[in-house]
Amino acid sequence: MSADFQVVTQGYVNVFITSTLTSFQAEKRFPKDVTIANLKGKLELIAGANPASMKLQLLDKDDNLVGALDNDDALLGSYQIDDGMKIHVIDTSEKTKGEFEDVSQVEKFEISEDEYAKRADSVRAFKLKNKMGEFAEVDPAEQARKEAERKAALEEEARLVENIKVGCRCEINNPKNPPKKRGQVMYVGQTDFQPGYWVGVQYDEPLGKNDGSVKGRKYFSCQPKFGGFVKPQFVTVGDFPAELDEEMDEM
């Protein structure tokens, strides 16, 4: 009794691609019957090198050199290549590493505001046609209601800041930004970074977000992380010691 046996090997191989021109590693799948010359063509967009200036090295899974893929007419499968190995592309031209990834060297498409406004296929044109975003139709009654609410909130903030003076000790209690904080009032008034009235505080501890400056404008001076701005409704002025009483500490 006899039996016929057939040895079948996979027709594709999964390898990692690295290059002297790029900092990333790509995983790709290639047929074993591709010639080295054609393989170089497939690697051009991955490695950033011209096929004519490529030298290919085959590395094992531990990055040990197995050999050079130096015969353009040979098939990839004719080399001792297996899944998980690495093909390293060496560029012999004068290109530098990172040049292929540097988007600052890519010529950018620019258009003037007037030309953009005339285009019918732009996002702006779509939003205008469908009354979306800044082009949305606003109900006059709704707009009047929001304006009245904004005015009332501004008047309430103006009333609150009348009792908050620069130099006063204060305690900040904002439920959305715990814990309670103590410090000294350093600024009271309106700002450039947000509408309404704000109170600038120098905290006793580095629990703030700035040094008294926001978006390039200095409202007061303090050490970094000791400054912050809060809405007046969260500020209580009084004779607050520099440290919270022990029973008020949060654990």
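**Contacts of S53, the nonpolar core and an antiparallel sheet**

In the predicted model, S53 is in contact with I90, D91, T92 and S93, residues up to four places away in sequence being left out of the count. The position of S53 is in the loop that connects helix 1 with strand 3. Because its relative accessibility is 10%, and the cut-off for a buried residue is under 20%, S53 is classed as buried.

The largest nonpolar core comprises 24 residues, among which L39, L43, L56, L76 and I87 touch the most other members. At least two residues of this core come from each of strand 1 (12-19), strand 2 (26-31), helix 1 (36-47), strand 3 (54-59) and strand 5 (86-91), and helix 1 makes the greatest contribution, with five residues. For L76, the contacts, again without residues up to four places away in sequence, are V13, F30, P31, K32, V34, I36, L39, L69, I81 and I87. Two of the residues in this list, L39 and I87, are themselves named with L76 among those that touch the most other members of the core.

A further part of the model concerns a sheet. Five strands are arranged as an open sheet in the order 11-8-7-6-12, with antiparallel pairing; its edges are formed by strand 11 (227-230) and strand 12 (235-237), each of which pairs on one side only. From one strand to the next, the twist averages 45°. In general, the strands of a sheet are paired through backbone hydrogen bonds, in either a parallel or an antiparallel manner.

Within this sheet, strand 7 and strand 8 are paired in the antiparallel sense over seven bridges, and G189 is placed opposite W198 in strand 8. These two strands, strand 7 and strand 8, form a hairpin with six residues between them, and in the turn G196 adopts a positive phi of about 90°. On the other side of strand 8 (residues 197-203), the antiparallel pairing with strand 11 extends over four bridges, with Q202 standing opposite G227 in strand 11. Strand 6 (residues 169-172) and strand 7 likewise run antiparallel and are joined by four bridges, and here E171 is found opposite R182 in strand 7.

The sheet is also met by a helix: helix 4 (residues 140-161) lies across strand 7 (181-190) and strand 8, and runs at about 40° to strand 8.

Note on methods. Residues are numbered from 1 along each chain as its sequence is written. This is a predicted model: local features need pLDDT of at least 70, side-chain atom pairs count only at pLDDT 80 or more; totals for chains, interfaces and linings use all residues. Side-chain values use heavy atoms; hydrogens and water are left out. A nonpolar core is a set of buried Ala, Val, Leu, Ile, Met, Phe, Trp, Tyr and Cys residues joined through side-chain atoms within 4.5 Å. Buried means under 20% relative accessible area, exposed over 50%, partly exposed in between (1.4 Å probe, protein chains only). Contact means heavy atoms within 4.5 Å. Two strands pair if DSSP finds at least two bridges between them. Axes are lines fitted to C-alpha atoms, for helices over the stretch in contact, and angles run from 0 to 180 degrees between N-to-C directions.
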